Amino acid sequence: AQLVESGGGLVQTGASLRLSCVGSGRRFGSNAMGWFRQAPGKEREFVASINWSGGTIRVIDSVKGRFTISRDNAKNAVYLRMNSLKPEDTALYLCAAGREDGADYSWGFWGRGTQVTVSS
């Protein structure tokens, strides 16, 4: 089983991208799904999550109003729509599958990531 991200690229400030993460080898429809990012020299950072039904969404403050997470369980996929991109959004974006762990999620399955680079 694996998660494969795509949709990254080199864009200018203010541009938009739509990242996709498609699972294969097993169904992820019952899992929470999340997007994380890691910039060079920095720790991995949570960006957004969505529960199995799409009814609970969490997004970090720095991307609220610009990034939207969504999922399509029929396609075994999760998406991250990113608008008004800024240079500080430059990072490797990874998706993950998780399960509920109390009030949070435990992320146990990861993709390898797709690079997003935003030029100023």
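These notebook entries record what I looked up in a predicted model.

**Entry 1: the nonpolar cores**

I began with the largest nonpolar core, which holds 27 residues. I noted the members that touch the most other members: Trp-35, Val-47, Phe-67, Val-78, Leu-80, Met-82 and Tyr-93. I then asked which elements give two or more residues to this core. They are strand 3 (17-24), strand 4 (32-38), strand 5 (45-50), strand 7, strand 8, strand 9 (91-101) and strand 11 (114-119). Strand 9 gives the most, with 4 residues.

Apart from this core I found another, of 5 residues, among them Ala-32, Ala-96, Tyr-105 and Trp-107.

I next listed the contacts of Val-47, leaving out residues up to four places away in sequence. Val-47 touches Trp-35, Phe-36, Arg-37, Arg-58, Val-59, Ile-60, Val-63, Phe-67, Leu-80 and Tyr-93.

**Entry 2: Ala-96**

I turned to Ala-96, a member of the 5-residue core, and placed it in strand 9. Ala-96 has a relative accessible area of 0% and is therefore buried. Beyond four places in sequence, I recorded contacts of Ala-96 with Leu-3, Ala-32, Met-33, Gly-34, Phe-36, Trp-107, Phe-109 and Trp-110. Two of the partners, Ala-32 and Trp-107, are named in that core as well. I also checked Gly-111, which is 15 residues from Ala-96 in sequence, with a C-alpha to C-alpha distance of 6.3 Å.

**Entry 3: Asp-89 and Val-118**

Is Asp-89 buried or exposed? Its relative accessibility is 0%, so I entered Asp-89 as buried. Asp-89 sits in the loop between strand 8 and strand 9. I looked for a polar partner of its side chain and found the backbone nitrogen of Lys-86, 2.8 Å from a polar side-chain atom of Asp-89. Setting aside neighbours within four places in sequence, I listed Arg-37, Val-63, Arg-66, Phe-67, Ser-84, Val-116 and Val-118 as contacts of Asp-89.

I followed the last of these contacts to Val-118, which belongs to strand 11. Val-118 is buried because its relative accessible area is 5%, under the 20% limit. Outside four places in sequence, Val-118 touches Val-11, Gln-12, Thr-13, Leu-85, Lys-86, Pro-87, Asp-89 and Thr-90. For Thr-90 I noted a C-alpha to C-alpha distance of 5.5 Å from Val-118, across 28 residues of sequence. Lys-86 thus appears twice in this entry: Val-118 touches Lys-86, and the backbone nitrogen of Lys-86 lies 2.8 Å from the Asp-89 side chain.

**Entry 4: Asn-76 and the cavity**

I located Asn-76 in the loop between strand 7 (67-72) and strand 8 (77-82). With a relative accessibility of 7%, Asn-76 counts as buried. What does its side chain reach at 2.8 Å? I found the backbone nitrogen of Phe-28. The contacts of Asn-76, not counting residues up to four places away in sequence, are Cys-21, Val-22, Gly-23, Ser-24, Arg-26, Arg-27, Phe-28 and Gly-29.

I then searched for enclosed space. The structure holds 1 cavity of 30 Å³ or more, and the largest cavity contains about 30 Å³ of space. Which residues line the largest cavity? I listed Phe-28, Gly-29, Met-33, Arg-71, Asn-73, Asn-76, Ala-77 and Val-78. By class, I counted 4 nonpolar, 3 polar and 1 charged residues in this lining. Asn-76 and Phe-28 both line the cavity, and they are also joined by the 2.8 Å approach of the Asn-76 side chain to the Phe-28 backbone nitrogen. Val-78, another lining residue, was already in my notes on the largest nonpolar core.

Key:
Residues are numbered from 1 along each chain as its sequence is written. This is a predicted model: local features need pLDDT of at least 70, side-chain atom pairs count only at pLDDT 80 or more; totals for chains, interfaces and linings use all residues. Side-chain values use heavy atoms; hydrogens and water are left out. Buried means under 20% relative accessible area, exposed over 50%, partly exposed in between (1.4 Å probe, protein chains only). A polar contact is a pair of N or O atoms within 3.5 Å; within protein, one must be able to donate a hydrogen and the other to accept it, and residues adjacent in sequence count only if both atoms are side-chain atoms. Contact means heavy atoms within 4.5 Å. A nonpolar core is a set of buried Ala, Val, Leu, Ile, Met, Phe, Trp, Tyr and Cys residues joined through side-chain atoms within 4.5 Å. On a 1 Å grid over the protein atoms alone, a cavity is a set of points where a 1.4 Å probe fits but cannot get out, and a pocket is an open set with protein on both sides within 12 Å along at least five of seven lines; lining residues have an atom within 4 Å of a point. Grid points are joined across faces, edges and corners, and a volume is the space filled by probe spheres set on the points. Ala, Val, Leu, Ile, Met, Phe, Trp, Tyr, Cys and Pro count as nonpolar, Asp, Glu, Lys and Arg as charged, and the others, Gly among them, as polar.
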